[in-house]
Amino acid sequence: MVEQLDVPIIDFSVYSETGVVGSEGERQLLAKELCQALGTVGFCYLKNHGFSTAKEQSFFKESSEFFQLPKEVKRKYARQSTTNHGWVHIEGETLNPDRPGDLKEVFNICHHSVTKDLPEEPPNFKTSCEQFFDECMKLTGSVLDALSIGLKLKVKFLKKCHSSMGKKNSFTTLRTLFYPCQAPAFKAGQICCGEHSDYGTITLLFQDDVGGLQALRKDGVYVDVKPVPGTIVLNIGDALQRWSADQLVATKHRVVPESQIQKQTSRQSIVFFVHPDDDVMMECLDGSRKYEPITSGEYTRQRFNATY
Ligand SMILES: O=C(O)CCC(=O)C(=O)O
Ligand SMILES: [Fe+2]
């Protein structure tokens, strides 16, 4: 029988903003459910995640205003290849090298402690960005705790390996994306975001109500990961697939334009790519030697060098 990609919705209310609210039994159950989803589909939706709606709305709005600025202004904040931080113009990134450049515009925020590199315009972009980053770190901490339980590690093991999120020695990156409303002039084979899997451990993905995100099902068919109001999409990256010795899977995904074309509108999404601290040695968590140990920093550098 063909395995269907049915992206499960997981109730995350066991973890609250102030810490753990659920009982030990409830945490175990959630951890199991999470690892079951992320070990098969590789994607799930989180509901009752405690993420601030106000901060989410604010960052979507500020991002939209930033992307509307003239190119000459945005160019001042262009991506620096040494850090990955900054603005990337349309077709500036090609996630699937077999296709033309992606029809998207991006702003990467690599370590928000370096606030001098954040745009001064629009006026509230910087603050909104920092607050959103902090909110993402909080939720990430809870997700990592739940995954530690599910993978039968010490409860704080994964969180400790990510203690430098938001600082210089971590590749963890917040990215805001804008997919302009496309004229019919797509190049042959061109899409909004080419097929790829993420590089890090986990990814949090916030999308507006337009749609276009698709994930690869086991039978080779790309299926929609539709916007579900009030939820955040969570998926696994290559580093955690390798580190978990394939217990969790990094599913390929992409963004296609059909929904945007039909609705004649642009699309926005925000992604938080989580990476362990650079010096963390990723030895297979199940004690096997399925993959050679490698530091997170070295692994990520290799992946970036292959992309750019
Ligand atoms: O915009 C989206 O929904 C997905 C973007 C994405 O997969 C990425 O930037 O890695
Ligand atoms: Fe992605």
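The crossing of helices H2 and H4 is left-handed, and I should say at once that what we are looking at is a predicted model. To describe such a pair in general terms, one gives the angle between the two axes together with the distance between them. Here H2, which covers residues 53–68, and H4, which covers residues 125–150, pack at an angle of about 140°, and their axes lie 9 Å apart. Angles over 145 degrees would count as roughly antiparallel, and H2 and H4 are therefore described as oblique to each other.

Which residues make the contact between H2 and H4? On the H2 side they are Lys-55, Glu-56, Ser-58, Phe-59, Glu-62, Ser-63 and Phe-66, while H4 brings Phe-125, Ser-128, Cys-129, Gln-131, Phe-132 and Glu-135. If you sort the residues of this contact by class, you find five nonpolar, four polar and four charged.

Please keep H2 in view, since this helix also gives the largest share of the lining of the largest pocket, namely four residues. That pocket holds about 330 Å³ of space, and of the 18 residues that line it, the closest to its centre are Glu-56, Gln-207, Pro-229, Gly-230 and Thr-231. Glu-56, then, is a residue that we have already met in the contact of H2 with H4. Besides H2, strand E9, residues 202–207, is an element that gives two or more residues to the lining of the largest pocket. By class, this lining is made up of nine nonpolar, six polar and three charged residues.

Let me turn from the pocket to the cavities. Rolling a probe the size of a water molecule over the atoms shows where empty space is left. How many cavities of 30 Å³ or more does the structure hold? There are three of them, and I will speak about the second largest, in which about 140 Å³ of space lies. Its lining consists of 15 residues, and those closest to the centre are Tyr-179, Cys-193, His-196, Leu-205 and Val-271.

Strands are the elements to look for around this second largest cavity: at least two lining residues each come from E7 (173–179), E8 (193–196), E13 (253–255) and E14 (267–273). The largest share belongs to E14, which supplies four residues of the lining. Taken by class, the residues lining the second largest cavity are nine nonpolar, three polar and three charged.

Methods:
Residues numbered from 1 in each chain as written. Chains lettered and ligands numbered in written order. Predicted model: local features only at pLDDT ≥ 70, side-chain atom pairs only at ≥ 80, totals over all residues. Heavy atoms only, no water. Axes fitted to C-alpha atoms, helices over the stretch in contact; angles between N-to-C directions. Parallel < 35°, antiparallel > 145°, perpendicular 65-115°, else oblique. Left-handed = near helix turned anticlockwise from the far one by under 90°. Contact = heavy atoms within 4.5 Å. Nonpolar A, V, L, I, M, F, W, Y, C, P; charged D, E, K, R; others polar. 1 Å grid on protein atoms, 1.4 Å probe; cavity = no way out; pocket = protein on both sides within 12 Å on 5 of 7 lines; lining within 4 Å. Points joined across faces, edges and corners; volume = space filled by probe spheres on them.
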